Amino acid sequence: MHIGIVCKVIDNFGDAGFSLRLAKALASNGHSVDLFHDHSATFSALYPTHDIDRLTLIDATQAAIEDTAVRAPDLILEPFGTSSEQTRFRFDVALKRNCPGVPWLLIDYLSSEKWVESFHLSTSVDPGTGHMTTFFYPGFTEKTGGLIHCDYPRHLLDCPPQAKKTGLDIFIFAYSNAPVRELVYACNSTNEREHTIRIGLAGNGMALKAQDCAKLLPFVPQSQFDELLAQHDVLFVRGEDSFVRAQLAGKPLIWQIYPTEDNAHAEKLTCFYELYAEGLDADCKVALWNCWLAWNGIDTEADFGEIWIALLPHLPELQTHAMGWQTRLLNGRELVKEVLTWCRLQTPTLLEKPDL
Ligand code: TRH
């Protein structure tokens, strides 16, 4: 099939990260993909090699869709399409005009809130243009569109946590309001006693002191991101895509959700935690939740250093729990497969298409 993906970069790396991951997975499934985007700098950081056949990146800010000899796709996917209004280049509107009747799937933000199950694959028709959009909800349950995990490197599953290694390697990829300094201080003082914690700080230019047990990590291409996570024992991740990859890595994780003005993110955080923490021993459950709340600045009174120290004794249980959760996800719904299944149901004629 020939597939078009519409990616509007709102901010950070997530919109581009998810869209690129989806495009790469579809291309490696034998489909040719045009990824239309409006932010080449972000894509150059995530995908500097452009080494995937059948995947073409089209910078829609450089050429109007009408003028670019775009072959009409059989399917158009619009990740995070609910934010299109916020963007300057409305090449999605041009594509809708140019490709009437092409199945259009809007893939919304990942959430574990219950309502997504009832909205998954719901549709709406634009009264002005008659254009029909279907809403696809990624998620953690069988009544959602699942997660992208077909691309998770299998060799990383075969190497169990490095039992022999001494100490603890912590990976941090956070927004600027996270109490990173408090965490580094707490680890510095832990190291005065036993020199065991090393911190890798990604995507963050925080000034570090000589005595800090932390180092800044260079930004790696997305194709190396899973390896980077696998080299660490505890993962502080953010947003959406790194959050899912940390779960697939089967390591204890602290999630910093993308903060929203209306504070809706607190509800989203709670919904996921209740799902994720099922089966944890009560003390461990409380210790991890206190850590998530303080890391997200939802419980601002808390001293993050103390909360982190209180979590350390629970790491063995969290490690075992994370591997159970990893298995659950890898046996769960696969988003790329769900998208292709939906598409085949739309237009049976597609089956006659030669390159399917
Ligand atoms: O960058 P983010 O904060 O993106 C956010 C979220 O997606 C959020 O949901 C969305 O609303 C907002 O953007 C607009 O976090 P996220 O989702 O983890 O995306 C980061 C991407 O960057 C992910 O694909 C992993 C990738 N990455 C690398 O490839 N190399 C690196 O070195 C690092 C640190 C990240």
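**Cut-offs behind the labels**

Modeller: Let's start with Arg344, which lies in helix 13 (residues 335–346); a helix here is a DSSP run of H or I with at least four residues, a strand is a run of E with at least two, and both are numbered from the N terminus. This is a predicted model, where local features need pLDDT of at least 70 and side-chain atom pairs count only at pLDDT 80 or more, while totals for chains, interfaces and linings use all residues. Residues are numbered from 1 along each chain as its sequence is written, and side-chain values use heavy atoms, leaving out hydrogens and water.

Biologist: Why is Arg344 called partly exposed?

Modeller: Its relative accessible area is 36%. Buried means under 20% and exposed means over 50%, with partly exposed in between (1.4 Å probe, protein chains only), so Arg344 belongs to the middle class.

Biologist: Happy with that. What makes the phi of His50 worth a look?

Modeller: Phi of His50 is near 45°, a positive value in a residue other than glycine. Most residues other than glycine have a negative phi. His50 is in the loop between helix 2 (40–46) and strand 3 (55–59), and Arg54 is placed in the loop between helix 2 and strand 3 as well. Phi of Arg54 is also positive, near 65°.

Biologist: And how do you know whether His50 is buried or exposed?

Modeller: Neither word fits: the relative accessible area of His50 is 47%, so His50 is partly exposed. Arg54, with 44%, is partly exposed too.

Biologist: Over to the ligand. What makes the link between the ligand and Ser242 a polar contact?

Modeller: An oxygen atom of the ligand is 2.6 Å from an N or O atom in the Ser242 side chain. A polar contact is a pair of N or O atoms within 3.5 Å, so this pair qualifies. Gln222 offers a side-chain N or O atom 3.0 Å from a ligand oxygen, and a ligand nitrogen is 2.6 Å from a polar backbone atom of Val220. The protein covers 98% of the 700 Å² of accessible area that the ligand has on its own (Shrake-Rupley method, 1.4 Å probe).

Biologist: Which elements give two or more residues to the shell around the ligand?

Modeller: Those are helix 1 (14–28) and helix 8 (241–248), and helix 1 gives the most, with three residues.

Biologist: How do the residues of that shell divide into nonpolar, polar and charged?

Modeller: Eleven are nonpolar, six polar and five charged. Asp, Glu, Lys and Arg count as charged; Ala, Val, Leu, Ile, Met, Phe, Trp, Tyr, Cys and Pro as nonpolar; and the others, Gly among them, as polar.

Technical notes. Polar contact = N/O pair within 3.5 Å; in protein donor to acceptor, adjacent residues only side chain to side chain.
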